[in-house]
Amino acid sequence: MIDPVKELYEARVYPAMSHPSADPAVNVVAARLAGLEPANPANARILEIGCGTGHHLLPLAKRWPRSEFLGVDFSEKAISLACQRAETAELGNARFYPASILGFESGEPGFDFIIAHGVFSWVPDDVKIGLLRFLRGNLAPSGLAVVSFNVKAGWRERQPLVVKARAIMEVGGVDEVAALEVLRTVVAEPTELSIIDDMLEKGASLLPFDDFAPVNDPWSLADFVALAEGAGLRWLGDSVPGQNPAFPAEMQGHPAEFCDALDEQDGRRFHSVILCRDDAPLASQVPSIMVQEFAVGLAKELPELEEDAAAITAVIGSRAPSAVSVLELIEEVPTLELRKFTRIIHEGITRGWLIARSEPVTLYEISPQRPVLDSWRHLCATENLPLVDAFHRPCLFPEAQRKLLTLMDGSRDAQELKALAGLHYPQLDSERWLAYLAGRGFFTRL
């Protein structure tokens, strides 16, 4: 019997990308706020299931050289590329193996972090159950799993459009993009047009693995949590702090069902959640003073804030785009009483207007005199792959800019690079471009 999922992954390679919602530096904050004390990701054992070519895992391996990384995927083609890239970038702390979820035996139980992004909704039900059981059997006692899945609420209007586009593909012998473009000419409803535009924005390389995947099975959060609990896991919340609402007191016994109601209201399409073992030690109360151990940056949009909160965000903003240690912030706002300070930071993180991490991120304010890409980012520029920034966000550059990036091996200073940019890419504002690269954290600090 032909397995259409395996057939797809044998014929094509999943596009290289990183997933900020599955960055352990962010996930560990969400876990600690939920009462779990996971390992420090800078010194941990981290497994990714469905790792593809390793584009999520390898930047983490570069960031945390003392951690051990293992990637598994049933696409031998993808695993071969991951191994080659790890070797080229000299990332000896990352290993990759070809295996299916149901057939994989790690032989190394006790992972501190297990990442399964983009797997659950794209596999049959028996594999879903096998995935959750694998998590329960391979997590360390205080280990943390990140699992993402499509949500029924947001896919209810989306899936009928996929069915119509598939019919166009079959009749016209065209690909997903061409079918959507035809469908767009006959659809008049604004919501449907917006959905089609969103799908078209993903492009031909991603659509066969996402909206048009052989299996695309959206779930409600409550149903997912029930399945996870049946496998011996406990749901702790979303993988990024601040994405869960503050539950009203009368809903405390049914948080997943309450989230489902909000998902229906907002038309949410995707959840990235964190899970732990059902016997993991959880603190009954989490003191707000814990936030002093985090680092924070500003979200893109800020609500209207009271005077003290505005003063704190002004200091954080002055250090943007870096993520600043909360302890450093306390020293920079000495007039504010400590208890109130930590309460404001805690509120900002849990309500989503502060982005928290387990460690600071210090970025160049301007381009350094000698811009240098590390071995991993230089490989990405050379092979036309997205470069992953200091906050684990991917960025794909046009060809002319990519060629300039390949020259950033330490042999040229900023003035030489600007001269080359002026010669070969005169329309580029090289000063601003180098500052942009510095602000994304692409350059190695020498």
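**Close-up 1. Cys-395 and its closest cysteine neighbour.** In this predicted model, the cysteine sulfur closest to that of Cys-395 belongs to Cys-380. The two sulfurs sit 11 Å apart, which is too far for a bond. A disulfide needs its two sulfur atoms within 2.5 Å, so this pair doesn't make one. Cys-395 itself is tucked away: its relative accessible area is 12%, so it counts as buried.

**Close-up 2. Cys-83, another cysteine without a disulfide.** Search the whole structure and you'll find 0 disulfides. Cys-83 fits that picture, as it takes part in none. Its nearest cysteine sulfur is the one in Cys-51, 8.5 Å away. Is Cys-83 buried or partly exposed? Its relative accessibility is 32%, so Cys-83 goes down as partly exposed.

**Close-up 3. Strand β7 and how covered it is.** Now for a strand: β7 spans residues 270-277. Most of β7 is covered, with 7 of its 8 residues buried.

**Close-up 4. Where β5 meets β7.** Strand β5 covers residues 139-150 and runs antiparallel to β7. Count the bridges joining β5 and β7 and you get 6. For a spot to look at, take Val-147, which has Val-273 of β7 standing opposite.

**Close-up 5. Where β6 meets β7.** Strand β7 also pairs with β6, made up of residues 233-238. This pairing is antiparallel too, and 5 bridges hold the place of contact between β6 and β7. Which residue in β7 is the bridge partner of Leu-233? Look for Arg-277, which is paired with Leu-233 here.

Technical notes:
Residues are numbered from 1 along each chain as its sequence is written. This is a predicted model: local features need pLDDT of at least 70, side-chain atom pairs count only at pLDDT 80 or more; totals for chains, interfaces and linings use all residues. Side-chain values use heavy atoms; hydrogens and water are left out. Buried means under 20% relative accessible area, exposed over 50%, partly exposed in between (1.4 Å probe, protein chains only). Helices (H or I, at least four residues) and strands (E, at least two) are DSSP runs, numbered from the N terminus. Two strands pair if DSSP finds at least two bridges between them.
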